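Please open the model in your viewer and have the selection tool ready, since this tour moves from strand to strand.

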Amino acid sequence: MVDQPLWEQIGFSFVQHYYKMFDSDRTQLGSIYIDQSCLTWEGQQFEGKRAIVEKLSSLPFAKIAHSITTQDHQPTPDYCILSMVIGQLKVDDDPIMGFHQSFILKNIQDAWVCTNDMFRLAIHNFV
Amino acid sequence: MSDGDYDYLIKFLALGDSGVGKTSFLYQYTDGKFNSKFITTVGIDFREKRVVYKSRDADGSSGRGQKIHMQLWDTAGQERFRSLTTAFFRDAMGFLLLFDLTNEQSFLNVRNWMSQLQIHAYCENPDIVLCGNKCDLSDQRAVREEEARELAEKYGVPYFETSAANGDNVNQAVDVLLDLIMKRMERCVDKSWIPDGTVRTNGPLHSDLSENSEGNKCAC
């Protein structure tokens, strides 16, 4: 799409790239983070490329497939991109669950990296 | 069978680390025949089964059997992401706490599950049955029966070595849990302590639970 703003194109391709990698070989995700990156995974904090990859690699399932329902992207005043994703995922033979994920992308030395990543399953308490 | 045709509705929750066999265990208990209903937003899946409970009184007097409508709650696997919503601990009346006999870590984590239960269940000492699952894989066993029994004794809960694969002790474990709960209820003349919706006597089911129940078989 020609009339799509650049930040939206970048956000879109990042999201596509991220989940493709996550679903095929999540141990390779180190390439998108830097040592200052932060991940909040279901409320647990991880800092730095190494800790993040270790966490994602050690998740106890063999197969995962993400399906993106919607995504939104915004430019930030400091030339980063804020992305929010809503989707569904399926892990091994478990039932399908919803999830939310947000990213901040930053351009460092002509490459886009993810500095912030927050993930939550879309599960709501009930009483 | 009409949906309201039971004396008690009892909710059990299966807990334990990812991969210990909770889903297979419940599947085995319901003979693979269940109405599996997944509630996406809550992340639970539940199966239903009807049984007739006859109290085993010491004096030998046996009243009529009580019709129990059991709901066996299973997680949707969210514990793999570390996000078990503890809210549904509160609504469960009894707990099947499973670990994998071939996985020592899952046994070590039983302590964590116990403290979670003490915090989030409807009371500090809910009825729990501990199950060491996958006992059919004896060549891969990583947890000795004695140490599991010791732990169960420490917590004062029954222990079973079960196999969801071949059915060993699966019914027994659930029966003992049901028995504990029925005994607890008999002890309580005033049942006001029971969490809302956990046990309902002669009550109708939630409308969202009432469909597709014809497949339930009485297991008496």
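Begin in chain B of this predicted model by selecting strand S1 (residues 8-15) together with S4(B): the two run parallel and are joined by six bridges. Show the side chains of Phe12(B) and Leu72(B), because Phe12(B) of this chain stands opposite Leu72(B) in S4(B).

Next, keep strand S4 of chain B (residues 66-75) selected and add strand S3 of chain B (residues 44-53), which pairs with S4(B) in the antiparallel sense over 10 bridges. Here Phe46(B) is the residue to pick, and opposite Phe46(B), in S4(B), you will find Trp73(B). Is S4(B) mostly covered or mostly open? Strand S4 of chain B is mostly covered, with eight of its 10 residues buried.

Now move to chain A and select strand S4 (residues 81-91) with strand S5 (residues 97-108), which pair in the antiparallel sense over nine bridges. Within this pairing, Met84(A) has Ser102(A) of S5(A) as its bridge partner. Follow the chain through the hairpin that S4(A) and S5(A) form, where five residues lie between the strands and Asp92(A), in the turn, has a positive phi of about 45°.

Finally, extend the selection from S5(A) to strand S6 (residues 111-121) of chain A, which runs antiparallel to S5(A) and is joined to it by 10 bridges. Phe99(A) can be shown with its bridge partner in S6(A), Leu121(A). The hairpin of S5(A) and S6(A) has two residues between the strands, and Gln109(A) takes a positive phi near 50° there. As you look along any of these strands, bear in mind a general point: in a regular strand, side chains alternate between the two faces of the sheet.

Technical notes: Residues numbered from 1 in each chain as written. Chains lettered and ligands numbered in written order. Predicted model: local features only at pLDDT ≥ 70, side-chain atom pairs only at ≥ 80, totals over all residues. Pairing = 2+ DSSP bridges. Helix = DSSP H or I, 4+ residues; strand = E, 2+ residues; numbered from the N terminus. Buried ≥ 20, exposed ≤ 12 C-beta atoms within 10 Å, placed from the backbone.
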